[in-house]
Amino acid sequence: MLAGMKAYRAAILSFDPESGSPRYEADGLLLTVPGAAGPGSPRVVRAVGPFHELIRDYPGLAVEHLPDRLIAPGFVDLHVHYPQTDVIGSPAEGLLPWLERYTFPHEARFHDPSYAAGVAEFFLDELQRHGVTTALTFCTSHPQSVDALMRAARPRGLRLIAGKCLQDRHCPDGVRDATEQSLLDSEALIARWHGVGRLGYAITPRFAPSCTDAQLQGAGELAARHPGVWIQSHVAENLDEIRWVRELYPADRSYLSVYQRFGLLRERALYAHCLHLDAGDRALLRESGAAAAVCPTSNFFLGSGCFDFDLAARAGFRHGLASDVGGGTSFSPFKTMLSAYEAGRASFTGGGPAKAGVSLAPGRLWWLHTAGAARALGLEGLVGNLVPGAEADFIVLDPQATPLLARRTRQAASLDELLFALIVLGDERVVESTVAAGSVVD
Ligand SMILES: [Zn+2]
């Protein structure tokens, strides 16, 4: 029974699968076992519980003791652009000038497979250094940018979902694709990579203004033929962009409705930003099962606005957190959670009507970047949590990683205080190791 079992003793954070409330074992035991699908299948969690109770069932088991450490689920990043790793921190007046001046010229370089491979390795190193074990990422419009990333991700054991960007208009030579070929390329990439190991494919229209009707139509048909494949795009990020969409699609009720008309709203469809929605849009997200990828560091950086967490929770649509590098300013889930807290507190939306300022609980912020994000992806119970049967993605955190953190966390009188100190003061120095499906990858 003990063959292949690994055991870790430390403080352990997980989440109640029903309510999403944080669960904490101050002296816990995490047991992982090889996956049932045989060699190469992801390791899975066998049990989590109080050390002294659980260990009685496993006499003689070798346990790795990690005193003063906190084991937590690996983070899930719902929206990131790996080709923009080198665009992070580029100054611009707003989204559209930023795309033209920095992003498109940089993405043009990914026609070169060796260039793409170099960025892919660096990008994956960054994810792992920051404790991210599942990510949904854009590639560029070049199919070879997808191949480069998937080849690099597979041996690392990460759960990576990615797709070739679809953009057949309103973007320059070098990144613009051809309608029919773009759809053929997407279908070939699905066949090559979707479901290979832990990899998944996402049909990836950049955003409605960058795609002709024929391309959106084709993307929707592809999504209908492959219901297990993800969809990723952007919606309602800033007001100039929304005005542009209204000019391009005058007959549609809203920006989000454009995607609905083309069959691109369904479960496993993730829309970045969702800042400027109305009640009809929120209902559409809930009813379709599509989800919002909330990108607060990017939204502050580009002056786009603040996501309304209160209305999202009331409307009951799925949402979770994302870095949106390179519009986002950090790969760190700690920075994203802090920024989400600040966006929640804000009473402005960025040009829309004022919103209620709310104080998101530390456990809720953490859930939105782990189990809640997994739920948005349709991977609830599989990643983002440490529950029996889940894939064994976890991180080992050192709450004493810096002098100030050590001083502050020593005084934490509750789980909320511990988690919030980590959110406010933490960064990659806190992440001592990252374990993806049971393989140490730091
Ligand atoms: Zn984005």
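How are the donor residues of the zinc ion spaced in sequence? The pattern reads H-x1-H-x152-H-x89-D, and the views below start from there. This is a predicted model, with residues numbered from 1 along each chain as its sequence is written, and local features need pLDDT of at least 70, side-chain atom pairs count only at pLDDT 80 or more, while totals for chains, interfaces and linings use all residues. Side-chain values use heavy atoms, with hydrogens and water left out.

**View A. The zinc ion and its donors.** H79, H81 and H234 each coordinate the zinc ion through NE2, and D324 does so through OD, at 2.1 to 2.5 Å. Donors here are N, O and S atoms within 2.8 Å of the metal (3.2 Å for Na, K and Ca), and since water is not among the atoms, sites may look incomplete. The arrangement is irregular because the angles subtended by the four donor atoms run from 87 to 168°. For the label, four donors count as tetrahedral if all angles lie between 85 and 135 degrees; four count as square planar and six as octahedral if opposite donors are over 155 degrees apart and all others between 65 and 115; anything else is irregular.

**View B. Where H234 and D324 come from.** H234 sits in strand β10 (residues 230-235) and D324 in the loop between β13 (318-321) and α12 (333-345), so this pair ties together parts that are 90 residues apart in sequence. Helices (H or I, at least four residues) and strands (E, at least two) are DSSP runs, numbered from the N terminus. H234 counts as buried at 8% relative accessibility, and D324 counts as buried at 5%. Buried means under 20% relative accessible area, exposed over 50%, and partly exposed in between (1.4 Å probe, protein chains only).

**View C. A cis peptide bond at V325 and G326.** The bond joining V325 and G326 is cis, with omega about 5°. G326 has its place in the loop between β13 and α12.

**View D. Helices α15 and α16.** Helix α15 (residues 403-410) packs on helix α16 (residues 415-425) at an angle of about 165°, with the axes 9 Å apart. Axes are lines fitted to C-alpha atoms, for helices over the stretch in contact, and angles run from 0 to 180 degrees between N-to-C directions. The two are therefore roughly antiparallel (under 35 degrees counts as roughly parallel, over 145 as roughly antiparallel, 65 to 115 as roughly perpendicular and the rest as oblique). L404, L405, R408 and T409 of α15 make the contact with E417, L418, A421, L422 and L425 of α16, where contact means heavy atoms within 4.5 Å.

**View E. Helices α3 and α4.** Here helix α3 (residues 113-129) and helix α4 (residues 143-153) pack at about 45°, with their axes 8 Å apart, and the pair is therefore oblique. Among the residues that meet are A116, A120 and L124 in α3 and S145, A148 and A152 in α4.

**View F. Two residues with positive phi.** D68, a residue other than glycine, has phi near 65°; D68 lies in strand β4 (residues 64-73) and is exposed, with a relative accessible area of 60%. R268, also other than glycine, has phi near 70°. R268 is found in the loop between α8 (255-261) and β11 (269-273), and counts as partly exposed at 21% relative accessibility.
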